[in-house]
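Q: Please take a close look at one part of this structure: the second chain and its fold. Then set that part in context with its partner.

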Amino acid sequence: MSKLYPVQEIGSLAKPRWRTKGLTQPLSSKDLVEAEEWAQRLGIPDFQDRAKQLLAAQEQNDRVRELLELSTIYGLRLFEQTGLDNVGVGGEQQRVEMYEHVIRGVEGMRVLGHVQSFDYKYFNKAVAESKIYRKHPIYLQEFLDVKKNAKGQLKVPITGPYTLVDWSFSGHYSGGRTSLSLKKQKQEAKREAEWIQIDEPAITTHPEPADMDLFVESWNETVRGFNCKFSDHTCYPSEIGYKVLAQYAPKLDKCTHLALEFANRDGTSLGVDAKHREGYRDLEYFIQNGYDGEFGVGVVHVHDFSGHVPPGSGKEVGRNILESPELVRDRLLYAAKIVGDPAKIWANPDCGLRTRTWDVTFAKLISTVKGAELAREASR
Amino acid sequence: MSPKAQLGGIYPRSEQLIKLTRSYDRAKTDLDTVKKQIEQDTLELVKLQDDSGFETFSDGAFAWQDQLRPIVESLDGVTTGTRYDRWFDTNTFYKKPTIAGEIGVQAFEPKNFIRADLLPRTKGWKVTLPGPYTFSELSENLHYTSQSDLLSEVAAAEHEIIKRLKDAGVSRFQLSEPCLVYRPYREQALGKAELDNAFAALRKTVDGIQAKFSVHTYFGDATTILPDLLKLPVDTVGFDLFETDYSKLKIETTKKLALGIIDGRESNAENPKWIAETATRVSKHVIGGDVVLVPNSDLKFVPRKVADVKARALGDATRLIEEAR
C-alpha cells in the first residue's frame, strides 16, 4: 500500500442481537429496530427490502442465509464508514467464533462443552475422537458474500492449524502433537483472495523448540503452492512469546506481515520514547532477528479496561478505554521508529473487537483512522 | 495406604452459569440471577464431593475470574488494570497484577474467597491460593527494588489473608506454586538463591497459623525440588504426576503426598481402576507418608461435565484402594 500507516481490521465484530436471535427463531419487526438504526448510520439503502425478505422467510435456511449475508454487509459497511483501508471479511459475522467455526466443519472432532478463556468469555472446546478431515467448506460462502458486497480491499482471516490443535483435546491423537492438515479450508478462500491472514494466537503457548518447529512446519505446509499475500496474527502470547516468535518468524514461508497485540501491554500516556511506549519494545526482537516484513501494530485495546487515562490520551467510558487519535499516533510513530521504516507499519486493533459494543468499536476505529492520519502528517 | 481425595482451585462453571455470565456481560441478565446460579453450582459440587466420600471440601471458586484475582482485590498497592496474560500453556488468561506500591491487606469479605455459607459444617473446608512465589512471578513489579523484598511482602500479605480465612472456618489451605516447576516463560533457570527466597516466603506465609497446609506444584516436573518441598512446615506436598517422573523417587517422609493424578488439561476421563493402580504404584516409592488423590491442577481447563466425571473417578478410586486393603 502506497499510503503510510494504512488501517486494517483484525478479526471479529460483536454479533448484533437480531443476527443471533434470527439464527434460531423467526424475527419480528421489533427485533429489527436496532438493525434499522444502524442501517441509517451505515448507509444501507436497501434495508427495508431486505428486512421484508427476512421477516417473510418461511424456511429457516432461507432466513439464516439472508441473515448471514446481511450481517456481513453491516460489518463491511461499519469498517468502510470508519475509513479502514482493509475491511477483512466484515467482522466474521458468519462464524460462531474462530475456533468453533472450523471445528464444526471437521469430521472426527466432537465439541465437549465450554471452557473459560477469561472473565466471562468462553470457548467451546472439542476433542479429536477419530481421524479428522474436512466435512464441508468452512469459509467459502462468507468469502463469496464478502466479494459480492465489499467496496474496499479484502483480507480473509483463517484459524491456523497449530492453534486448532492446541485448543483441542488430543484424544485420538494422544501421545503426539499432530498438526491438523486443513489446507483445504484455505483453498476455499484462496479462490481470488489476495490476502489471507492466518490467526495463530496459540503459538508460543509452548515456546519449546519442538513445538515452535511444529508450528513452522504446519505454517509452511498451509501456504505451500499459493501465491497470495499471507500474514500471521498472534496476540496475547506468553511472557516471552514475541521474543520466541521473532526467532521463528523469518522461517515462515510467504509471511510478509505480522499483526501483533501491543496496546494491551502499553501505558496510556502520550510520548514516542521507550519510557512511554514500553508495550511496543518487543518489536525490537523481530528486527534483531532479521524479519523484514510489515507489521500490523495493535494500537487500541480490545478488552475491558480499568486504569488511569491522562488528559489527551483518551477517556474511560464504562469498561472501555477510548484511545485518542494522539495516543494512536504516538504508538504508530514509536513502532515506526523501532522498525526503521514507516512504510512497513499498519495500524489495527490488538485483536478482533467482538467483546465491544458496535458504538465502542465505531469510536475506536474512528480514532485509529484519525491517529493514522496524524502519524502520516508527523512523518511528512 | 488409605488415601483420601480432594479437589483444589477453580472448578469449571456449569453450562447454565456460563450462559448466564455471558448474558450478564451483555447487560441482559442481572447480577442476582448470576449469583443464584453460582450458589447452585456450589451446592452441586458440594453434593458431588459428599457422594464421592471426600472429607475436605472445596467450594469450586465459581465466582473467581482467575486464580489471582481475589488476592489482588484484597490488597493495597496492587491493581489489575489493562493487561491480560496467558495462564501458562493453556488457552485461559488472567489479569496481570501490577505491584504499584507498598503491599497491604484491605478489609475484605471471607466470602470473596470461600462460600462458607454453602459448605457443610461437618467437613473441613479448603481454599486454594497462589503461593507467594507464583503470585510474584506472574505480577508486574513496579515498586520493590528486589525480588526478595517483593516475595517477603507478598508472603506477609497472604499470611494475613490466611489468618482471616482461618478465623472464618477454613481448615486447609493449598498454596499452588506452578512457577517453581514450570517456567518456559522465563529465560533463566531457577537458581538456588531464588529458590531459597521462594521457600522462605512459603515459610513466612504459613508461620504460626494453626491450619493444614499443602504446597502444590503442577505443569512441571517436581523431582528435583521435592526434597526441599518436603522440608517446608506444611503437612502435604503435591505434584503433577503427568509431568513428574516418579520412577526413580525414593521418598522418606511423614508428610502426605498429594498426587496430581487426574489431568486438568486433557478430556479423557481417568478410569478409577487406573487411578487406584497408579496411586498404589507411586505409593511404593514413599516410605512413611500417606498419599492424597487430587487433580494435577485446577479443573477449569476442561468443560464441567468432563470435570465431574474426573472428580467422581477420584472418589471411586479411593474406595477401590480401600477395598483392596
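A: Start with burial in chain B of this predicted model. Of the 325 residues in chain B, 51% are buried. Contacts in chain B reach far along the sequence: among those with a separation of 6 or more, 74% join residues 24 or more positions apart.

Next, the secondary structure. Chain B holds 9 helices and 13 strands. Its radius of gyration is 19 Å, close to the 20 Å that the globule rule gives for 325 residues, so chain B is as compact as a globular protein of that length. Along the principal axes, the C-alpha atoms of chain B fill a box of roughly 55 × 50 × 35 Å.

Now the sheet. In chain B, 8 strands make an open sheet, ordered β1-β13-β11-β9-β8-β7-β5-β2, with parallel pairing. At its edges are β1 (4-5) and β2 (56-58) of chain B, each pairing on one side only. Within the sheet, β5 (residues 124-130) of chain B pairs with β7 (residues 172-176) of chain B in the parallel sense, over 5 bridges. Here B:L129 stands opposite B:L175 of β7(B).

Then the partner chain. Chain A also has an open sheet with parallel pairing; 6 strands run in the order β3-β4-β5-β6-β7-β10 (chain A). β3 (156-159) and β10 (345-349) of chain A are the edges; each has a single partner strand, so one side of each lacks a neighbour in the sheet. On average, neighbouring strands of this sheet are turned by 25° against each other, direction ignored. β5 (residues 229-234) and β6 (residues 255-260) of chain A pair in the parallel sense over 5 bridges. In that pair, A:S231 stands opposite A:H257 of β6(A). Helix α12 (residues 325-339) of chain A packs on the sheet and touches β7 (294-300) and β10 of chain A. The direction of α12 makes about 150° with that of β7(A).

The two chains meet through 32 residues from chain A and 32 residues from chain B. On the chain A side, β1 (106-118) and β2 (121-134) each supply at least two residues. β1(A) gives the largest share, 7 residues. That side of chain A divides into 14 nonpolar, 13 polar and 5 charged residues.

Last, confidence. Chain A has a mean pLDDT of 93, and 95% of its residues reach 70 or more. Residues 179-184 of chain A stay under 50, and the model gives them 18 contacts beyond four places in sequence. Where pLDDT is low, the predicted coordinates should not be read in detail.

Definitions and conventions: Residues are numbered from 1 along each chain as its sequence is written. Chains are lettered from A and ligands numbered from 1 in the order in which they are written. This is a predicted model: local features need pLDDT of at least 70, side-chain atom pairs count only at pLDDT 80 or more; totals for chains, interfaces and linings use all residues. Two residues are in contact if their C-beta atoms, placed from the backbone, lie within 7 Å. Helices (H or I, at least four residues) and strands (E, at least two) are DSSP runs, numbered from the N terminus. Ala, Val, Leu, Ile, Met, Phe, Trp, Tyr, Cys and Pro count as nonpolar, Asp, Glu, Lys and Arg as charged, and the others, Gly among them, as polar. The radius of gyration is taken over C-alpha atoms; the globule rule is 2.2 Å times the number of residues to the power 0.38. A residue is buried if 20 or more other C-beta atoms lie within 10 Å of its own, exposed if 12 or fewer, and partly exposed in between; C-beta atoms are placed from the backbone. Two strands pair if DSSP finds at least two bridges between them. pLDDT is the predictor's confidence in each residue, from 0 to 100. Axes are lines fitted to C-alpha atoms, for helices over the stretch in contact, and angles run from 0 to 180 degrees between N-to-C directions.
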